[in-house]
Amino acid sequence: MIQKFIELGSGFTDLYEWIEILNRNQDRIVHIFAFTSHHNNRQYLSYAIALTPTQPGDFQPIYICREGITLKDGQSKRKDLITFEVEKLGKTIIPIDVKHSSFFETSDLFYNYLIALLRLNHLIPPLQ
């Protein structure tokens, strides 16, 4: 099984694409994650969707908008929009506190960290 993060971007319009993936892949959703991180006294939120693996190929995509939402006092209109869309589908969001991507030298290392974190918590299947 190969898992890979597919970064959509971090802007407001990228969240609309994320929502479209959410709505069009309802039957493939395994988990929805809200990764919270801190950097320079600011709180950031990254949303990710893990889908069922492809057949054939055994590839599990995880679509993410990395640190696309800056929270002020834990709130944001973008966060409210995502919460509304997820609840509309009857799904839940798994919140996870993580290190900010700037802690890592490359985005690949950041995504390897997230994959390891998700595997260790049995949220995605182990490497086979």
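Which residue's side chain meets that of Glu 7 in a salt bridge? The partner is Arg 66, with a nitrogen-to-oxygen distance of 3.0 Å. The model is predicted, and every distance and angle below is computed from it.

**Salt bridges**

The structure holds three salt bridges. Glu 7 sits in strand β1 (residues 2-7) and Arg 66 in strand β4, so this pair ties together parts that are 59 residues apart in sequence. Glu 7 is partly exposed, at 35% relative accessibility.

Another bridge joins Glu 20 and Arg 24. Both residues lie in helix α1, four residues apart, about one turn of the helix. Glu 20 is partly exposed, with a relative accessible area of 33%. Arg 24 is exposed, at 65%.

A further bridge joins Glu 85 and Lys 88. Both belong to helix α2 and are three residues apart, again about one turn of the helix. Lys 88 is exposed, with a relative accessible area of 52%.

| Salt bridge | Closest N to O distance | Location |
|---|---|---|
| Glu 7 and Arg 66 | 3.0 Å | β1 and β4 |
| Glu 20 and Arg 24 | 2.4 Å | α1 |
| Glu 85 and Lys 88 | 3.0 Å | α2 |

**Glu 85**

Is Glu 85 buried or exposed? It is buried, because its relative accessible area of 10% falls under the 20% cut-off. Glu 85 is placed in helix α2, which spans residues 77-88. Its side chain makes a polar contact of 3.5 Å with the side chain of Asn 23. Beyond its neighbours within four places in sequence, Glu 85 is in contact with Ile 19, Leu 22 and Asn 23.

**The sheet**

What is the order of the strands in the sheet? Five strands form an open sheet in the order β1-β4-β3-β2-β5, and the pairing is mixed. β1 and β5 (93-97) are the edge strands, each pairing on one side only. From one strand to the next, the twist averages 25 degrees.

Strands of a sheet pair through backbone hydrogen bonds, either parallel or antiparallel. β1 and β4 pair in the parallel sense, over six bridges. Here Ile 6 stands opposite Tyr 63 in β4. Helix α3 (residues 107-120) packs on the sheet and touches β1, β2, β4 and β5. The direction of α3 makes about 130 degrees with that of β1.

β2 and β3 pair in the antiparallel sense, over ten bridges. His 38 stands opposite Gln 43 in β3. The hairpin of these two strands has two residues between them, and Asn 40 takes a positive phi near 50 degrees there.

β2 also pairs with β5, in the parallel sense and over five bridges. In this pairing Ile 32 stands opposite Ile 93 in β5.

**Pro 61**

Strand β4 also holds Pro 61. This proline counts as buried, at 3% relative accessibility. Leaving out residues up to four places away in sequence, Pro 61 touches Lys 4, Ile 6, Arg 28, Ile 49, Ala 50, Leu 51 and Thr 52. How far apart are the C-alpha atoms of Pro 61 and His 39? They are separated by 27 Å, with the two positions 22 residues apart along the chain counted as their spacing.

**Nonpolar cores**

Which residues touch the most other members of the largest nonpolar core? They are Trp 18, Leu 22, Tyr 47, Ile 49 and Ile 82, out of 19 residues. Helices α1 (12-24) and α2 supply at least two residues each, as do strands β2 (29-39), β3 (42-51) and β4 (59-71). The largest share comes from α1, with five residues. Another core lies apart from this one. It has 17 residues, among them Ala 48, Ala 50, Ile 64 and Leu 118.

Two members of the largest core also appear in contacts described above. Leu 22 is in contact with Glu 85, and Ile 49 is touched by Pro 61.

Tyr 47 has its own list of contacts. Neighbours within four places in sequence aside, Tyr 47 is in contact with Trp 18, Phe 33, Ala 34, Tyr 63, Ile 64, Cys 65, Ile 69, Lys 79, Ile 82, Thr 83 and Ile 93. Among these, Trp 18 and Ile 82 are core members too, while Ile 64 belongs to the other core.

Note on methods. Residues are numbered from 1 along each chain as its sequence is written. This is a predicted model: local features need pLDDT of at least 70, side-chain atom pairs count only at pLDDT 80 or more; totals for chains, interfaces and linings use all residues. Side-chain values use heavy atoms; hydrogens and water are left out. Buried means under 20% relative accessible area, exposed over 50%, partly exposed in between (1.4 Å probe, protein chains only). A polar contact is a pair of N or O atoms within 3.5 Å; within protein, one must be able to donate a hydrogen and the other to accept it, and residues adjacent in sequence count only if both atoms are side-chain atoms. Contact means heavy atoms within 4.5 Å. A nonpolar core is a set of buried Ala, Val, Leu, Ile, Met, Phe, Trp, Tyr and Cys residues joined through side-chain atoms within 4.5 Å. A salt bridge is a side-chain nitrogen of Lys or Arg within 4 Å of a carboxyl oxygen of Asp or Glu. Two strands pair if DSSP finds at least two bridges between them. Axes are lines fitted to C-alpha atoms, for helices over the stretch in contact, and angles run from 0 to 180 degrees between N-to-C directions.
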